Each structure stands twice: as structure tokens, then as C-alpha cells.
Amino acid sequence: MSESDELELTTLPGVGPATKQKLNDAGIYTVLDLATAGPSDIAEAIDIDISKAVELNNKARKRLVELNRLEPDFINAAELLQKRRSIERITTGSKNLDELLGGGIETWAMTELYGEFGAGKSQICHTLCVTVQLPKDQGGLDAGAVYVDTEGTFRPERVAEIAEARGLPPEHVLNRITVARAYNSAHQELIVRELGRILSPGNVKLVVLDSAVAHYRAEFVGRSTLAERQQRLNRFMHQLLRIAEVYNIAVVVTNQVQAAPDTFFGDPSRPTGGHVVAHTSTYRLYLRKSGKNRIARMVDSPYHAEREAVFILNERGIDDPPEETRRR
Ligand SMILES: Nc1ncnc2c1ncn2[C@@H]1O[C@H](COP(=O)(O)OP(=O)(O)O)[C@@H](O)[C@H]1O
Ligand SMILES: [Mg+2]
């Protein structure tokens, strides 16, 4: 059987042509899509009980386990270590930042970049779209990227500049980046549901969501809509995490916050959706300005110490500060 046959929806018990059509209409085309969809989305798509939808979602996940594309629910820790060896890293373009991240941005994980306006979140995203394309011996994965732009801040000119400065042909680099402009939260959710079609061939190793939260923040204003906002955002973030795991890709999301993290998280009067993102992310980098430099801090990582790294913004995207200013 070819891979596309194995991932055909109707090969799952209980999925006939009519169900397949309804799933297609909701943007679910393959077993991979079904495994990454949330049960509530599946239930809505084919008008079944949530319990039936969970069952169907589990069937899809089981198929992926059989195909060795997803780890089983129970796994020996040694096997898990082996499995985690398939995790790859993308250089950020800054040695300091790579060091902080244990070698770069990880696949099979979601990394959150958060900080104030101008902290460098989008600049890191632009740079990663270039560095992911570098050959493996130069810290890349020789793969393309998808950039979901919710704020209209993606600049192909900036990508071309970064590519040029890093010795890659700009035209070629731009050709391997797929950009999706998301105009509202529902549109953003639709784009992410449709991602499977771009990701299936396996030539994309990075998905950027810049910003993951802005539309939710703008559309759900006031206390009365807070619960719905958190629920929608939670569903969305979990779908992203499943995508990172099923496709073994790096997912990077940005999140703009107004103040220092301590006051931000300690102040419940400013619930901006940030903590939903925080709980779903595998790694969190807090970014801030310090004169001309930028400082990144690794926050609540499962195994990185909470440390800081200094980087700068220049024609190479993000970079290390010149030798003499490196010590703070
Ligand atoms: N080519 C460049 N060289 C140096 N700095 C740049 C360049 N392009 C943008 N920047 C800087 O990047 C900063 C904006 O960073 P950005 O990533 O957009 O912030 P945000 O965290 O809000 O996404 C600005 O301070 C701007 O001066
Ligand atoms: Mg930005």
C-alpha cells in the first residue's frame, strides 16, 4: 500500500463515502488530519456525539501508531528516549540563543515567543524561515516553512535580506515559504485545519503562527466572553501541538504581552489568553529589549535551566552581539 492509501479516510472502520465527504468539507482529508483534529471539531463536522467523535479520533491515532508515525499511549522509557532521538533542531541564527535552547528550536514541540511590541518575536520567526532551509550540517533541516500571519507583519523583503546575508539565494528561499494571511480567529482556525495538505509531503519542518493570540484578544473583549475565548484558544493551541507531534515539525507561536512576566502572570485583572498558550507550549522564551540588544529568557522548561541569552537584530535577522559587547 502506498502512503496515501494507508492514510485514506475510508480505510478506517466506520468511515464510508458520505462520512468522508462531510469530513472533507470540514477540511479533514486524511487520517493525519483526523488524528490532529479536536473531537469537538469532528463531532461538528459529521454531526455525531462527542463520544463517537472521540472514538473516531482514537481510531485515527491508532492507525498512525501502527504506521509508526505516532508513539503509542504506553511506551517504555527507553523506547521513548529512542523516539525522542527523531527530534531535530533548527538553528535560530544566534549561537547564544541556540545554546539557551539546547541547540535550536525543536521539532515535535511547540515553542512560544512572548514579549512586548518590538521585542523581536517576528524577527526570530522571519529568521527561522530562512535557517530551517539551511543544510543539516549548517544547523538547518533542508526544509520549507509555513508562516501564518495574523497581523500583516510578514515581509518577504526582510526574508530575502536575511537569506542574502546568510548566503542563500533569496528567490529559492522565498519559494519554499508558504504564507497564509489569517484575517480573524475563525479564519486562522480554518487555515490550521487545512495545514495537513501542505505538511503531508514532509518537506516542511517549521510552522509559524505570528501571532497566535492577537485575533482572540481583539474579538473577545470583556469579561463575559472570556470563557469562550479561553476555550477556543485552548482548542486551537492543542490542535497545533498535535500537528507538531504527528508531523514531527517545529511549531513556533508568538504572543504579545504588555509587562514584565512576573506582573503579567501575577495580575489576574489582565487575562489576555496568555496562560492558555503558556500551558500548551513545550518551551517558552520571554524576550525583552535591553538598549540595542535583545534578551531571551527560557521560562518553565522541562529540562532547561532558567537562563538568559543576549542577541541582536541585524541584516542576518537575529545574530550574536559583537564579541566586545557580549558580556553584560
Ligand atoms: N533589517 C533590520 N536590521 C536591524 N533591525 C531590524 C531590521 N528589521 C527590523 N528590525 C528591528 O526589529 C524590531 C522589531 O522587531 P519585531 O520582531 O517586529 O517585534 P515584535 O516582537 O513586536 O514582533 C524593531 O526594533 C526594528 O528596528
Ligand atoms: Mg511581531
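A polar contact is a pair of N or O atoms within 3.5 Å; within protein, one atom must be able to donate a hydrogen and the other to accept it. Keep that in mind for the notes below, and remember that this is a predicted model.

1. **A serine and a glutamate.** Let us begin with Ser281, which sits in the loop between helix H15 (274-280) and strand S8. The side chains of Ser281 and Glu112 are joined by a polar contact of 3.3 Å, a value that falls within the 3.5 Å limit. Leaving aside residues up to four places away in sequence, Ser281 touches Met110 and Glu112.

2. **Is Ser281 buried or exposed?** Its relative accessible area is 11%. Buried means under 20%, so Ser281 counts as buried.

3. **The strand on the other side of that contact.** Glu112 and Met110 both appear in strand S3, on one of its two faces, together with Tyr114. The other face carries Ala109, Thr111, Leu113 and Gly115. Which of these two faces is covered? Both are, as the residues named on either side are all buried. Put as a count, seven of the seven residues of S3 are buried.

4. **Neighbours of S3.** S3 (residues 109-115) runs parallel to S8 (residues 283-290), and five bridges join them. Two positions are worth finding on the screen: Glu112 stands opposite Arg284 in S8, and Leu113 has Leu285 in S8 as its bridge partner. S3 also runs parallel to strand S7 (residues 250-256), with seven bridges between them. Here Gly115 stands opposite Gln256 in S7.

5. **A hairpin.** Follow the chain along S8 and you come to strand S9 (residues 293-299), which pairs with S8 in the antiparallel sense over seven bridges. Lys289 has Arg294 in S9 as its bridge partner. How many residues lie between S8 and S9 in this hairpin? There are two, and Gly291 in the turn has a positive phi of about 60°.

6. **A helix and what it packs against.** Now move to helix H4 (residues 39-46), whose buried residues are Asp41, Ile42, Ala43 and Ile46. An α-helix has 3.6 residues a turn, so residues three or four places apart point the same way. With that in mind, look again at the numbers of the buried residues, including Ile42 and Ile46. The buried residues of H4 pack against five helices: H2 (17-25), H3 (31-36), H5 (50-66), H11 (185-199) and H13 (226-247). Just after H4, Asp47 takes a positive phi of about 55°.

7. **Around ligand 1.** Which residues come nearest to ligand 1? Of the 13 residues around it, they are Gly118, Lys121, Ser122, Gln123 and Arg158. By kind, the shell divides into three nonpolar, five polar and five charged residues. Helix H8 (121-131), helix H9 (156-165) and strand S10 (308-314) each supply at least two residues of the shell, and the largest share, three residues, comes from H8.

8. **Polar atoms at the ligand.** A polar backbone atom of Gly118 is 2.7 Å from an oxygen atom of ligand 1. An N or O atom in the side chain of Lys121 is 2.8 Å from an oxygen atom of the ligand. For Arg158, a polar side-chain atom lies 3.0 Å from a nitrogen atom of ligand 1. Taken alone, ligand 1 exposes 580 Å², and the protein buries 64% of that.

Note on methods. Residues are numbered from 1 along each chain as its sequence is written. Chains are lettered from A and ligands numbered from 1 in the order in which they are written. This is a predicted model: local features need pLDDT of at least 70, side-chain atom pairs count only at pLDDT 80 or more; totals for chains, interfaces and linings use all residues. Side-chain values use heavy atoms; hydrogens and water are left out. A residue is near a molecule or strand if one of its heavy atoms lies within 4 Å of it. Accessible areas come from the Shrake-Rupley method with a 1.4 Å probe; for residues, only the protein chains shown count as cover. Helices (H or I, at least four residues) and strands (E, at least two) are DSSP runs, numbered from the N terminus. Ala, Val, Leu, Ile, Met, Phe, Trp, Tyr, Cys and Pro count as nonpolar, Asp, Glu, Lys and Arg as charged, and the others, Gly among them, as polar. Two strands pair if DSSP finds at least two bridges between them. Buried means under 20% relative accessible area, exposed over 50%, partly exposed in between (1.4 Å probe, protein chains only). Contact means heavy atoms within 4.5 Å.
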